[in-house]
Amino acid sequence: MKRLAKTALLASGLALAAAFAAPAFAQDAINLPNLSYRTGPFAATGIPLMNGQRDYIAMLNARDGGVNGVTINYEECETGYNTEKGVECYEKTKAGAAVTQPWSTGITLQVLPKSNVDKIAVLAPGYGFSPMADGKTFKWAFNPPSSYWDGASMILQNISQGNLDSLKGKKIALLHLDHPYGKEPIPLLEALAAKHGFTFLPIPVGLKEMQNQSAQWLQIRREKPDFVLMWGWGAMNAGAITEAVKTKYPMNQFIGIWWSSLDGDLKLVGDAGKGYRAVSWSVPNSASKAMQDIKKHVVDAGKSMINQAEGEFDWVFYQRGVLISMMSVEAIKAAQAKFNVKVPNAEQVRWGLENLDINEAKLAELGMEGMIVPFKTSCADHTGHGGAWMLEWDGKQFVKASDLIKPDRAAIEPLEIEKAKEYATANAPWPLNDECK
Amino acid sequence: MDFLNSILIKPFADMFGAPDFLMQVLWEGLVSGVLYALIALGFVLIYKSSRIFNFAQGIMVVFAALTLVGLHEKGVPAWLALPLTLGVMYLLAMSIERVVLRPLVNQPDIILFMATIGITLFLIGFGEIIFGGENKVMITEQLGIPTGSWEFEPFGGFLSIEQRDVTAVVGAVLLVAALLLFLNKSKMGRAIRALGDDHQAALSVGISLSTIWVVVWFIAGVIALATGIVWGSRAGVSFALEVIAYKALPVLMLGGLESVLGAIVGGLAIGILEKLFEIYWGQPILGGNTETWFAFVLALIVLLFRPQGLFGERIIERV
């Protein structure tokens with residue numbers, strides 16, 4: 001009986017200690033939720049990205065004890081790239097979140113109106129709704145360093161050698177996932193086709209057709225487009241590249257957006273995919289100090305989930321995931337400095353995201369030289385429009401194949417403002433950020 | 001007038017104007033049809049013997065293909081990985097019968113259907129833990145499947161036939177022939193058919209329900225493996241393969257849930273017709289991507305006239 005009483009006393013003591021210790025830990029940590037997708041038809045794309053995000057935070061926690069001495073709690077909530085599950089995950093993780101990362105254009109569109117109410121910034125690097133660049137309308141949304149419309153503009157800049165009028169009379173097809181993400185560049189491409197006199201041909205790929213795109217590639221064979229642009233995700237990329245090889249479509253006329261540059265997809269076709277290009281705002285650099293620190297503190301320590309046998313450490317997507325976490329962390333650092341707090345709240349982190357200045361000197365300080373395009377956000381500009389490079393598949397890996405390309409902002413900006421206004425009107429009353437000039 | 005022309009005249013003019021392209025469309029449709037038929041066969045076999053609509057057929061395709069590739073990644077040669085995968089599929093069939101189906105004997109159909117959803121969720125989680133979610137390369141060449149292509153110039157045009165697709169078609173035909181032979185000529189096959197016709201009567205003459213269920217789920221596993229090899233060799237092996245199972249649903253509606261012949265004819269018909277419709281009507285008139293709904297509309301039209309499907313048995317109930 002005495003023993004039982006002692007055990008009960010000990011258990012109660014432990015429970016009390018845990019109850020008091022938990023809030024103390026939560027207060028001294030920054031919560032960084034991620035609406036990730038490691039399962040389902042898009043898992044192949046999601047896994048290396050999430051691994052990169054996770055490992056950068058793990059490295060900072062191991063090497064520096066977090067950010068300025070504050071540990072970061074990186075927490076994934078699995079969405080399977082499903083919009084309904086994504087919204088559930090947002091609701092589940094929003095309490096105490098420094099920033100939210102929806103990881104799908106569909107989820108981003110659903111979360112956008114909620115972020116105004118919950119006052120949590122939405123970070124969607126290189127994805128989401130392109131007009132989110134307009135900070136006056138989208139106070140809580142950020143899509144640095146380049147938007148999809150920037151991406152479409154840069155691809156056209158590249159294939160026309162900077163003179164879009166030279167595309168007159170040419171036919172440009174857009175092979176895209178039939179999903180909000182895949183449809184995102186269509187308004188800009190339609191506008192540019194009308195302005196510069198090229199024929200624009202959208203070719204949708206349904207979810208069930210991702211791995212059997214013979215009908216889409218028969219259309220490409222019949223229409224003979226001069227260029228095929230691809231907005232593919234998950235298994236669609238591998239399906240398209242396999243069909244392109246089968247159809248013998250010239251690889252140097254086939255260009256993807258940055259989410260169509262997964263090493264694992266191209267490894268399926270190997271040498272046959274030589275010459276395939278993708279526009280990308282990031283370039284892998286495994287020898288950089290940041291990556292070597294990840295190797296030392298996370299990978300070699302057995303704390304990483306990467307597939308080392310497949311060489312995932314060197315992949316474009318893994319290292320892009322690292323860069324995406326870097327953006328969140330730099331926003332947190334900026335908020336800590338500005339507001340002189342250890343654990344900034346979501347509103348303060350939003351300020352940090354609005355004042356990101358990722359320049360060459362900052363990248364050198366972070367040990368990430370040349371890995372990402374330099375960019376600077378502001379109250380009015382939530383993208384930064386840093387530009388991108390072309391990556392080319394050499395049969396074994398992606399290599400940098402161009403100098404920095406910049407989007408034609410003069411052509412994009414009016415459309416961004418118009419569509420942002422349309423969005424605000426359709427979702428009235430929509431709060432505008434009047435602090436932005 | 002232009003609209004009528006685009007529906008009634010232009011598509012046929014295009015077909016006859018470029019016969020080599022039409023041949024390519026028909027070939028691609030045939031290959032897709034064979035693959036749809038294969039998936040549908042897995043559903044039909046299980047439904048025939050147990051009246052269970054097996055929601056897990058799609059994930060079985062993924063699981064079988066991942067097991068094959070996963071074993072090879074662990075250093076097992078392809079010639080050994082193939083029978084080992086078949087062994088795993090047999091173990092899976094046995095486990096499903098023991099753990100899931102046996103305790104649910106005599107339960108309503110909907111309970112058994114829900115149980116197959118449970119099997120699906122389990123296999124997704126289990127498969128992801130064991131194999132991970134990354135896209136893997138199918139061991140096509142190691143299995144001796146040729147990967148080149150034959151090129152022809154019919155009518156002065158161009159026709160490309162992938163050797164891999166020819167192998168898939170031939171393999172599927174052989175598999176179906178073996179299956180029909182097994183179902184119609186072997187004692188076990190007759191027992192499966194008897195069970196499909198009348199559970200009570202079959203049990204009363206001593207047919208073992210457990211044995212039949214294991215055999216049928218194993219055959220569905222073999223079909224899943226064949227499907228996984230063929231689809232996986234086209235665009236890699238990943239959990240995305242699971243969604244192709246949904247392509248079998250209109251095939252089953254069209255052909256009838258309990259007809260092997262229906263699955264084959266339905267698969268081929270949908271494969272060819274959806275490709276023809278997409279290329280000659282869907283893309284020029286509707287902007288494409290009609291393959292996502294065409295087969296369902298076709299099946300719906302058939303159901304209006306034949307609720308049991310083209311080859312399904314007419315359901316007559318005494319009231």
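Begin by selecting Val166(B), which belongs to helix 6 of chain B, residues 163–185. The model on the screen is predicted. Val166(B) is partly exposed, because 16 other C-beta atoms lie within 10 Å, and a residue counts as partly exposed between the limits of 12 or fewer for exposed and 20 or more for buried. Add Gly87(B) to the selection: its C-alpha atom is 27 Å from that of Val166(B), and 79 residues separate the two in sequence.

**Chain B as a whole**

Now display chain B alone. Its secondary structure consists of 12 helices and two strands. Followed from the N terminus, the order of elements is α-α-α-α-α-β-β-α-α-α-α-α-α-α. Along the principal axes, the C-alpha atoms occupy a box of roughly 65 × 60 × 35 Å. The radius of gyration of chain B is 21 Å, which agrees with the value near 20 Å for a compact globule of 319 residues. Of these 319 residues, 45% count as buried. Among the contacts in chain B with a separation of 6 or more, 75% are between residues 24 or more positions apart.

**A helix pair in chain B**

Two packed helices are described by the angle between their axes and the distance between the axes. Select residues 19–50, helix 2 of chain B, together with residues 260–286, helix 11 of chain B. How do their axes cross? The axes come within 7 Å and cross at roughly 145°. The crossing of helix 2 of chain B with helix 11 of chain B is right-handed. The residues of this contact comprise 17 nonpolar, six polar and two charged.

**Chain A as a whole**

Hide chain B and show chain A, which has 15 helices and 13 strands. Its radius of gyration is 23 Å, close to the 22 Å given by the globule rule for 437 residues, so chain A is as compact as a globular protein of that length. The C-alpha trace of chain A spans about 90 × 50 × 40 Å along its principal axes. Of the 437 residues in chain A, 54% count as buried. Residues 24 or more positions apart make up 70% of the contacts in chain A with a separation of 6 or more.

**The two domains of chain A**

Colour chain A by its domain assignment: domain 1 covers 2–147 + 285–386 + 414–426, and domain 2 covers 149–284 + 391–411. The centres of domain 1 and domain 2 of chain A, taken over C-alpha atoms, are 28 Å apart. Where they meet, 33 residues of domain 1 of chain A and 32 residues of domain 2 of chain A take part in the contact. On the side of domain 1 of chain A that touches domain 2 of chain A, at least two residues each come from helix 2, helix 4 (105–118), helix 12 (316–339) and helix 15 (409–426) of chain A. Which helix gives the most to this side of domain 1 of chain A? Helix 12 of chain A does, with five residues. By class, this side of domain 1 of chain A holds 14 nonpolar, 14 polar and five charged residues.

**Backbone details in chain A**

Most residues other than glycine have a negative phi, and most peptide bonds are trans. Four places in chain A merit a look in this light.

- Select Pro144(A) and Pro145(A): the peptide bond from the former to the latter is cis, with omega near -5°. Pro145(A) is in the loop between strand 4 (141–142) and helix 5 (148–159) of chain A.
- Go to Ala428(A) and Pro429(A), which are joined by a cis peptide bond with omega about 0°. Pro429(A) lies in the segment after helix 15 of chain A.
- Select Gln161(A), a residue other than glycine whose phi is positive, near 50°. Its place is the loop between helix 5 and strand 5 (171–177) of chain A. Gln161(A) is exposed, because 8 other C-beta atoms lie within 10 Å.
- Select Lys248(A), where phi is also positive, near 65°. Lys248(A) is in the loop between helix 9 and strand 8 (254–256) of chain A. With 13 other C-beta atoms within 10 Å, Lys248(A) is partly exposed.

**Where the chains meet**

Finally, show both chains again. The contact takes 33 residues from chain A and 33 residues from chain B. On the side of chain A that touches chain B, helix 2 (43–64), strand 6 (199–205), helix 8 (214–223), helix 9 (235–247) and helix 10 (263–267) of chain A each supply at least two residues. The residues on this side of chain A divide into 13 nonpolar, 12 polar and eight charged.

Conventions. Residues are numbered from 1 along each chain as its sequence is written. Chains are lettered from A and ligands numbered from 1 in the order in which they are written. This is a predicted model: local features need pLDDT of at least 70, side-chain atom pairs count only at pLDDT 80 or more; totals for chains, interfaces and linings use all residues. Two residues are in contact if their C-beta atoms, placed from the backbone, lie within 7 Å. Helices (H or I, at least four residues) and strands (E, at least two) are DSSP runs, numbered from the N terminus. Ala, Val, Leu, Ile, Met, Phe, Trp, Tyr, Cys and Pro count as nonpolar, Asp, Glu, Lys and Arg as charged, and the others, Gly among them, as polar. Axes are lines fitted to C-alpha atoms, for helices over the stretch in contact, and angles run from 0 to 180 degrees between N-to-C directions. A crossing is left-handed if the near helix is turned anticlockwise from the far one by less than a right angle, and right-handed if clockwise. Domain bounds come from an automatic or database domain assignment. The radius of gyration is taken over C-alpha atoms; the globule rule is 2.2 Å times the number of residues to the power 0.38.
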